[in-house]
Amino acid sequence: MATIESYSTSSGKRYQVRYRTPDHRQTKKRGFTTKRDAEAFAATVEVEKLRGEYVAPKLGQVTVGELATDWLERKRTDLKPSTYRTTEVSWNRHVKPRWSKVRIADVDLDAVERWIADMGRTVTDADGAVSKKGSGATVVIRAYGVLAAILDSAVKARRIARNPARTPENLPRKRPKPRTYLTHEQVDQLADEAKGHRTLVLLLAYTGLRWGEAIALRVEHLDLLRKRISVVENAVQIDQRVIVGTPKSHEARSVPVPGFLVVELAQLCQGKAREDLVFDNGRGGYLRRPVSWSGWFAGAVDRSGVPRVTIHDLRHTAASLAVSAGVNIKALQRMLGHASAAMTLDTYADLFDEDLDAVALALDAARSASSVPKVCPDEVQGERGQA
C-alpha cells in the first residue's frame with residue numbers, strides 16, 4: 001500500500017506519496033500541498049493498479065512535439081501523399097506553434113477548447129479592420145484531429161491513461177456548399193469550349209472519375225469493346241511533383257463508358273502504344289491540374305456560359321446524370337468508387353428529393369386501395385369547427 005510522508009521546504013510543509021508500481025518497483029510522487037491531495041493521489045494509484053490502468057507519471061513528461069515526429073513519420077507510410085501533405089501542413093501551421101513544447105501530461109480539455117476558439121476567431125483592430133481572419137471549419141477540424149490523433153498514440157503507448165483532448169464541445173460544424181450539377185447540354189457546351197481537352201471533360205462528366213484517376217489512365221486500361229475503363233492508378237500532384245499510386249479506396253474498379261464516348265476515346269488513342277497515357281501534356285508526361293482561376297478549365301467555363309463549376313464538380317455532375325437516368329444506387333456506388341452504397345446516398349441525398357414526393361404519392365395510392373373509410377376535406381374542416 002502507498003504511504004504518505006511530510007517534508008519541509010522553503011515554501012512550507014509538503015507531502016509525498018511512496019508507492020510501488022505494478023512491476024513492484026518503489027517510486028514516489030512529491031509536491032502535494034495538503035495531506036488530502038496526497039491521500040487522493042495514493043487512492044487513485046491503487047485503483048488504477050487494480051484496473052490495469054496505471055501509467056507512470058514520468059512517461060507523460062514527453063512533449064507533444066517529440067511524439068509528433070514519430071507520429072508523422074508513421075503517417076507518411078499510412079496515408080495517401082495528398083492526405084499526408086494536408087496533415088503535415090496542418091501540424092506545422094496550427095498545431096505545432098501552440099502545442100509542440102507542451103508536455104502531454106499538461107494538455108487539458110479547457111486549453112484545447114480555447115485553442116479551437118482562437119483558431120476560428122476573427123480579430124479586428126480599433127478601426128474595425130481585420131487583423132487576423134479566423135480559419136474555416138474544415139481547417140479547424142483537421143487541426144484538432146491531428147492533435148487528438150497524436151494524443152491517441154500516446155494512450156496506446158501507455159504514456160497517458162486517457163486522451164485529454166477528447167471531446168471538445170465547441171468544434172465547428174462543416175456546412176456543405178450547395179453543389180452545381182450541369183445538364184447534358186451544359187456539359188456539351190463546356191466540352192466544346194475546352195479546346196484540346198474536350199474528351200477529358202466528357203470523360204469526367206459521364207464516368208465520375210477523379211482528376212488524378214483520369215490523367216493516370218493508359219491505353220491498356222481501356223476496353224472499348226466492352227465499354228469499360230479499369231481504374232487502377234491515381235496520379236496526385238503535390239507541389240510540383242506528380243506521385244502515382246493506387247486509387248483513393250486502394251481498390252481497382254471497372255467503370256462503364258457511354259457509347260458516344262467510346263468513339264471519342266478511340267480517336268484519341270489512335271497511334272498510341274498500350275503503355276502511353278490517354279491524356280498527356282503533349283510530351284508523354286502527366287497532365288498538370290489547371291490553375292483554378294486562370295487555367296484552361298476556368299477559361300472554358302467562362303466562354304461556355306455554364307454555371308460556375310470546378311473540375312471536381314464534373315464528378316458530381318456524373319452522379320446527377322446517372323441518377324436522373326435511373327441508374328441503380330449500387331451500380332452508381334461502384335462507378336464512383338465509394339466504400340458503400342450508404343456513402344453514396346449520404347453524399348448525394350439532395351439528388352433524391354423527388355423520391356420523397358413519390359413516397360407520399362405511393363402511400364396515398366395504397367390508402368385509396370385499402371378498405372379504410374374515405375374522409376372528405378369538408379368533413380375534416382367541419383370537425384375542427386365543432387371542436
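**Exercise 1. Find which residues lie nearest the centre of the second largest pocket, and sort its lining by class.**

Step 1: Start with the lining. In this predicted model, 19 residues line the second largest pocket. Look for V55, A105, R159, I160 and A161, which lie nearest its centre.

Step 2: Sort by class. The lining has 12 nonpolar residues, along with 3 polar and 4 charged ones.

Step 3: Add the volume. The space in this pocket comes to about 420 Å³.

**Exercise 2. Describe the largest pocket: its volume, its lining and the elements that build it.**

Step 1: Begin with the volume, which is about 1800 Å³.

Step 2: Now go for the centre. There are 48 lining residues, and R210, K248, R289, H312 and H316 are the ones nearest the middle.

Step 3: Work out which elements chip in. Those giving two or more residues to the lining are the helices and strand α3 (81-99), α5 (137-156), α8 (211-215), β8 (234-238), α10 (296-304), α11 (313-324) and α13 (341-347). The largest share is from β8, with 5 residues.

Step 4: Finish with the classes. You should get 21 nonpolar, 15 polar and 12 charged residues in the lining.

**Exercise 3. Strand β8 turns up again at a cavity. Which residues line the largest cavity, and which element gives the most to its lining?**

Step 1: Count the cavities. The structure holds 1 cavity of 30 Å³ or more, and the volume of the largest cavity is about 40 Å³.

Step 2: List the lining. Around the largest cavity you'll find K80, P81, N234, V236, I243, V244, G245 and T246.

Step 3: Match residues to strands. Both β8 and β9 (241-245) supply at least two lining residues, but β9 gives the most, with 3.

Step 4: Split the lining by class: 4 nonpolar, 3 polar and 1 charged.

**Exercise 4. Helix α11, which helps line the largest pocket, also packs against α7. Decide how to describe the angle between α7 and α11.**

Step 1: Get the geometry. Helix α7 covers residues 198-207, and its axis passes 5 Å from that of α11 at an angle of about 50°.

Step 2: Compare with the cut-offs. Under 35 degrees would count as roughly parallel, and 65 to 115 as roughly perpendicular. The helices α7 and α11 are therefore oblique to each other.

Step 3: Name the contact. From α7 come V201, L204, A205, Y206 and T207, and from α11 come L314, R315, T317, A318 and L321. By class, that contact has 7 nonpolar, 2 polar and 1 charged residues.

**Exercise 5. Work out the strand order in the sheet that holds β1, and find the helix lying across it.**

Step 1: Trace the order. This open sheet has 3 strands, β1-β2-β3, paired antiparallel.

Step 2: Spot the edges. Strands β1 (3-9) and β3 (26-32) each pair on one side only.

Step 3: Check a pairing. Between β1 and β2 (residues 12-20) there are 7 bridges; S8 has K13 in β2 as its bridge partner.

Step 4: Look at the twist. On average, neighbouring strands here are turned by 30° against each other, direction ignored.

Step 5: Add the helix. α1 (residues 35-51) lies across β1, β2 and β3, at about 15° to β2.

**Exercise 6. Do the same for the sheet that holds β7.**

Step 1: The order is β6-β7-β10, again an open sheet of 3 strands with antiparallel pairing.

Step 2: Its edge strands are β6 (222-223) and β10 (253-256).

Step 3: Strand β7 (residues 228-231) is joined to β10 by 4 bridges, and S230 has S254 of β10 as its bridge partner.

Definitions and conventions. Residues numbered from 1 in each chain as written. Predicted model: local features only at pLDDT ≥ 70, side-chain atom pairs only at ≥ 80, totals over all residues. Heavy atoms only, no water. 1 Å grid on protein atoms, 1.4 Å probe; cavity = no way out; pocket = protein on both sides within 12 Å on 5 of 7 lines; lining within 4 Å. Points joined across faces, edges and corners; volume = space filled by probe spheres on them. Nonpolar A, V, L, I, M, F, W, Y, C, P; charged D, E, K, R; others polar. Axes fitted to C-alpha atoms, helices over the stretch in contact; angles between N-to-C directions. Parallel < 35°, antiparallel > 145°, perpendicular 65-115°, else oblique. Contact = heavy atoms within 4.5 Å. Pairing = 2+ DSSP bridges.
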